[in-house]
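Me: Could you take a close look at the surroundings of the ligand for me? I'd like to hear what makes up its shell and how that relates to the domains.

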Amino acid sequence: QLTSDFYVQSCPKVFQIVRQEVKNAIKTEMRMAASLLRLHFHDCFVNGCDASLLLDGNNTEKSSNANLNSARGFEVVDNIKNALERTCSGVVSCADILAIAARDSVILSGGPSWRVLLGRRDGMVSNQTAANSALPSPFETADQILAKFVAVDLNATDVASLSGAHTIGLAKCGTFSHRLFNFSGSGAPDRTMNTELQTNLQGVCPLNGDGDKTTDLDINSVDLFDNHYFSNLVNGKGILQSDQELFSGGDAAALATKILVQQYSDDSKLFFNDFRNSMIRMGNIRPLTGSQGEIRKNCRVLN
Ligand code: HEM
Ligand SMILES: [Ca+2]
Ligand SMILES: [Ca+2]
């Protein structure tokens, strides 16, 4: 139902305008590419790709576990929206802005490009509880994460390829420090973590240290969209428990993802191809079309 030429008449400069704003943002802070990519994911997994994540207010998705003090880039989305409103007022949805900005962020980080599908409309609701149950947590096993992907009609290949997004961006100590000292009450660090990395991360995130301190999700190339994330996993150098589970986990889902992680670490072309396909599949999660929803004027509030 979505099409790549949806705005060809109504806003022919849409791609040019979004690309320029994403470029500007990345020039100031390279990490913004990662942050924008993550916004599209967090939007699509809750109520479909409908910009529900962007709504301000009490008990909205912004205050859910995965997003509070973590999701970022909302000001950049505002800038993109304002630029679009100046050229083609009331035309381009906030949900489509997230999809284009995610694609451009990957391209500008050195990753694959694809024809992004458009025509999504913006939803009318945003619910903290829904986000808490739909978004995967870094403390989950591969089976638990796969279940959340299957709930939005994605599969194990999508879990593996899309997790490759962690080839860019940062994570807070609070999202992985449980692996460093007394993992699951074992009295020892997570055995699946490389010991050298363990020591380094113990230095970054000491016991009772600042849980908001950040480190690179890909210790090899944090700003480059490549397949190093997967070679890290093969070497026990995943940062999040949920990352390392994809290669070292013992459950059924991990059996499938382990093979893919190995393949992606050997073949970046295969990773890029699968990532591209999975991004399009994720972007197709329950979009509002036709006369459903609305085209927000301000991505933070309903019209
Ligand atoms: C598979 C389950 C996933 C889990 C459990 C997960 C969890 C996390 C966590 C805990 C962080 C760090 C957040 C923080 O410390 O503030 C993070 C960052 C990030 N995630 Fe995921 N994630 C998953 C999948 C994905 C997917 C599918 C994408 C995109 C396609 C994605 C893109 C990112 C990016 C780019 C960052 C860095 C953001 C930044 O630096 O601002 N993640 N993720
Ligand atoms: Ca949504
Ligand atoms: Ca990388």
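Reply: Happy to; here is the ligand's shell, followed by the domains around it. The model is predicted, with local features needing pLDDT of at least 70 and side-chain atom pairs counting only at pLDDT 80 or more, while totals for chains, interfaces and linings use all residues. Residues are numbered from 1 along each chain as its sequence is written, and chains are lettered from A and ligands numbered from 1 in the order in which they are written.

There are 26 residues around ligand 1, and Ser70, Leu162, Ala165, Gly169 and Lys172 come nearest (a residue is near when its C-beta atom, placed from the backbone, lies within 6 Å). By class, the shell holds 14 nonpolar, 8 polar and 4 charged residues; Ala, Val, Leu, Ile, Met, Phe, Trp, Tyr, Cys and Pro count as nonpolar, Asp, Glu, Lys and Arg as charged, and the others, Gly among them, as polar.

At least two shell residues come from each of α2 (32-44), α7 (156-163) and β1 (170-172), with α2 giving the most, 5 residues. Helices (H or I, at least four residues) and strands (E, at least two) are DSSP runs, numbered from the N terminus.

Now the domains: domain 1 (14-135) and domain 2 (142-278) each contribute at least three residues to the shell around ligand 1, their bounds coming from an automatic or database domain assignment. The C-alpha centres of domain 1 and domain 2 lie 23 Å apart. Their contact takes 15 residues from domain 1 and 14 residues from domain 2, where contact means C-beta atoms, placed from the backbone, within 7 Å. On the side of domain 1 that touches domain 2, α2 gives the most, with 5 residues.

Notes
Two residues are in contact if their C-beta atoms, placed from the backbone, lie within 7 Å.
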